[in-house]
Amino acid sequence: MVSREQKRGSLQEKFQLLRSITNSHAENDTSIIMDASKYIQKLKQKVERFNQDPTAEQSSSEPTDPTTPMVTVETLEKGFMINVFSGKNQPGMLVSVLEAFEDIGLNVLEARVSCTDSFSLHAMGLEVIN
C-alpha cells in the first residue's frame, strides 16, 4: 500500500513538472494550477488562430516566445522522426518530452539531445502497438 507521504511526494513532483512546463514562477499549488489554466487558454487561442488561417501564424507580427517549443514530425518508412526545438531550455523539458512520448505510445530507438542554452531533440523511433 502506498503511504500518504509517498502520494504527497508524487503529487508535489507533478506540480513541479507542471510548473516547469507552463513557465510558472508560482510557489503554491493553487497558483501553479491557475498559471497552467492560463497557459492552456493561450495554447487554445493559438490553435484557433492557426485553424482560422494557417498562414497567419507564420506571418504574425506577434513576437515569437523563445520558450514555446517548435515540434516537427516526419513519418518514415518504418517509424517516425520527431524534432523538438526551443530557443530557451527549461528545467525538466527533456523529461517532459520523453514522458509525452511514453504517454502516446512511442518507442524512441535513437535520439540526439542538446539542452545547454537552447533545447534541441532529434528522435527516431517506432509506435508501440499493444
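How many Å² does the accessible surface of the protein come to, and what share of it belongs to carbon and sulfur atoms? The accessible surface comes to about 9,900 Å², and 56% of it belongs to carbon and sulfur atoms. Accessible areas here come from the Shrake-Rupley method with a 1.4 Å probe, and for residues only the protein chains shown count as cover.

Before we go on, a word on the model and its numbering. This is a predicted model, where local features need pLDDT of at least 70, side-chain atom pairs count only at pLDDT 80 or more, and totals for chains, interfaces and linings use all residues. Residues are numbered from 1 along each chain as its sequence is written, and side-chain values use heavy atoms, with hydrogens and water left out.

**The overall fold**

The protein has four helices and four strands. Follow the chain along its sequence and you meet them in the pattern α-α-α-β-β-α-β-β. Helices (H or I, at least four residues) and strands (E, at least two) are DSSP runs, numbered from the N terminus.

Of the 130 residues of the protein, 20% count as buried. Buried means under 20% relative accessible area, exposed means over 50%, and partly exposed lies in between (1.4 Å probe, protein chains only). Contacts tell us about the fold too, a contact being heavy atoms within 4.5 Å. Among the contacts with a separation of 6 or more, 38% join residues 24 or more positions apart.

**How the strands pair**

Two strands pair if DSSP finds at least two bridges between them. The table lists the pairs.

| Strands | Sense | Bridges |
|---|---|---|
| Strand 1 (residues 70-76) and strand 2 (residues 79-86) | antiparallel | seven bridges |
| Strand 3 (residues 106-114) and strand 4 (residues 119-127) | antiparallel | eight bridges |
| Strand 2 and strand 4 | antiparallel | seven bridges |

Strand 1 and strand 2 form a hairpin with two residues between them. Within this hairpin, Met70 stands opposite Phe85 in strand 2, and Thr72 stands opposite Asn83 in strand 2. Strand 3 and strand 4 form a hairpin as well, with four residues between them. There, Glu110 stands opposite Met124 in strand 4.

**Three residues to find in the structure**

Start with Met81, which has its place in strand 2. Which residue of strand 4 is the bridge partner of Met81? The partner is Met124. Leaving aside neighbours within four places in sequence, Met81 is in contact with Thr72, Val73, Glu74, Leu76, Ala123 and Met124. Take Ala123 from that list: Met81 and Ala123 are 42 residues apart in sequence, yet their C-alpha atoms are 5.6 Å apart in space. Met81 counts as partly exposed because its relative accessibility is 22%.

Next comes Ala111, found in strand 3. Not counting residues up to four places away in sequence, Ala111 touches His122 and Ala123. Ala111 and His122 are 11 residues apart in sequence and 5.5 Å apart in space, C-alpha to C-alpha. With a relative accessible area of 43%, Ala111 is partly exposed.

Asn23 takes us away from the strands, to the loop between helix 1 and helix 2 (29-52). At 26% relative accessibility, Asn23 counts as partly exposed. The C-alpha atoms of Asn23 and Asp35 are separated by 8.3 Å, and these residues are 12 apart along the chain.

**A pocket to explore**

The second largest pocket has a volume of about 410 Å³. Of the 19 residues that line this pocket, the closest to its centre are Ile21, Pro69, Met93, Ser96 and Val97. A pocket, on a 1 Å grid over the protein atoms alone, is an open set of points where a 1.4 Å probe fits, with protein on both sides within 12 Å along at least five of seven lines, and lining residues have an atom within 4 Å of a point. Grid points are joined across faces, edges and corners, and the volume is the space filled by probe spheres set on the points.

Which helix gives the most to the lining of the second largest pocket? Helix 4 does, with seven residues. Helix 1 (4-21) and helix 4 (93-103) each supply at least two residues of this lining. By type, the lining divides into 11 nonpolar, six polar and two charged residues. Here Ala, Val, Leu, Ile, Met, Phe, Trp, Tyr, Cys and Pro count as nonpolar, Asp, Glu, Lys and Arg as charged, and the others, Gly among them, as polar.
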